[in-house]
Amino acid sequence: MTIILGLFIAGASLIGGFAAMGGKVLVLWQPWELVIVLGVAIGAFVVANPMKTILGTTVAVTDALRNAVPSKREYLDVLALLYGLMRELRAKGRNAVEPHIEDPSTSQIFQKYPSVLRDANMTTFICDYFRLIIVGNARAHEIEALVDEELQTIHRDQLKPYHAMSSVADALPAIGIIAAVLGVIKAMGAIDQSPQLLGSLIGAALVGTFVGIFFSYSLFGPIATKIKSVRETRLRTYIVVKQTLLAFMNGADPQIALEHGRKTISGYDRPTIDEVENETMSAGAADSSTPDLQGAA
């Protein structure tokens, strides 16, 4: 929503200011200059990037337009899910947890938190590291090094659309100059025509430079920055999982381990301690309704 609002403000200020100076707004409408600038930019984008990055950029732009960052509800779901798995592991042992991580789609714990289950990458991330924990041979510092390495890989992959879009934004002013040069060539071909016609052709040529600069700094560049912001915010959920599991591996109780994860959430979205406790207490109450066969034995 903020992207649309910002573009509206920028466009209204640009056109309104130009009209207030006495400029003829219709002169700015040069569709073939737009075709040249955008066509060359898109062509260069396709040349420079593999198909996965091209498709990923489309998804990233959509996420940026929707501002698809984790909400407080999603953070609570992740924390509550981790609590349920850690509590199960601490109380019942690896045999009770293993079915949940081997097939999370049928797990009663995972099914309570569909926002996590819908994110296949996050679900796999949680299951992989719980699998390493229940093996019992990995040490906390080894897990931490492995998580850091994977997070760097995820970060690089998540920012590929940002780098691709930034490259287009950087190239657009030069592409605008190309369009302007073509317009000047066309104007020079009509050098023997009337000054009015020659002036309109030169004005149309300069629109190419204007379009390239405007699209670079007012559209593609800001959208690239928004993509980076959204992707880095979404990566924060992985940091929550990392810090929670490391604290648990180092001997912290599940409730204390959650606090290690909660503290890594931005203050704007961070749930309070009471909110986390309410979530985990409700999860614990639901779990306690299931008979503990091990305890009974």
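Two residues are said to be in contact when heavy atoms of one lie within 4.5 Å of heavy atoms of the other. With that idea in hand, the predicted model described here can be explored from the inside out.

A good starting point is M86, which sits in helix α4. Setting aside residues up to four places away in sequence, M86 touches F130, T244, F248, P254, A257 and L258. One of these partners shows nicely how folding brings distant parts of a chain together: M86 and F248 are 162 residues apart in sequence, yet their C-alpha atoms are 7.7 Å apart in space. Buried residues have under 20% relative accessible area. M86 has a relative accessibility of 0%, so this residue counts as buried.

The view can now widen to the nonpolar cores. In soluble globular proteins, nonpolar side chains tend to be buried together. In this model, the largest nonpolar core has 43 residues, and the members that touch the most others are L81, L82, F125, I126, F130, L151 and V241. Two or more residues each are supplied by α4 (72-92), α5 (94-102), α6 (108-111), α8 (120-135), α9 (140-158), α11 (195-249) and α12 (254-262). Helix α4 gives the largest share, 11 residues. I126 offers a closer look at such packing: beyond its neighbours within four places in sequence, I126 is in contact with L81, L82, L85, F110, V116 and V241. There is also a second, separate core of 23 residues, with A164, I175, A179 and F215 among its members.

Aromatic rings add another layer to the picture. Across the whole structure, five aromatic pairs are found. One of them joins F125 and Y238 in an edge-to-face arrangement, with 4.9 Å from centre to centre and 80° between the planes. Because F125 lies in helix α8 and Y238 in helix α11, this pair ties together parts that are 113 residues apart in sequence. Both F125 and Y238 are buried. Elsewhere, F210, F214, F215 and F220 are linked into a cluster by ring pairs; F215 has already appeared above as a member of the second core.

Not every nonpolar side chain is hidden away, as the surface shows. I177, I178, V181, L182 and I185 form a nonpolar patch there, with about 450 Å² of accessible area together. I178, one of these residues, is found in helix α10, which spans residues 160-188. Partly exposed residues fall between the 20% and 50% limits, and I178 is therefore placed in this class by its relative accessible area of 45%.

Note on methods
Residues are numbered from 1 along each chain as its sequence is written. This is a predicted model: local features need pLDDT of at least 70, side-chain atom pairs count only at pLDDT 80 or more; totals for chains, interfaces and linings use all residues. Side-chain values use heavy atoms; hydrogens and water are left out. A nonpolar core is a set of buried Ala, Val, Leu, Ile, Met, Phe, Trp, Tyr and Cys residues joined through side-chain atoms within 4.5 Å. Buried means under 20% relative accessible area, exposed over 50%, partly exposed in between (1.4 Å probe, protein chains only). Helices (H or I, at least four residues) and strands (E, at least two) are DSSP runs, numbered from the N terminus. Patches are made of residues with over 30% relative accessible area and no salt bridge: like charges are joined within 9 Å, nonpolar side chains (Val, Leu, Ile, Met, Phe, Trp, Tyr) within 5 Å. Accessible areas come from the Shrake-Rupley method with a 1.4 Å probe; for residues, only the protein chains shown count as cover. A salt bridge is a side-chain nitrogen of Lys or Arg within 4 Å of a carboxyl oxygen of Asp or Glu. Rings of Phe, Tyr and Trp (its six-membered ring) pair if their centres lie within 6.5 Å; planes under 30 degrees apart count as stacked, over 60 as edge-to-face and the rest as tilted.
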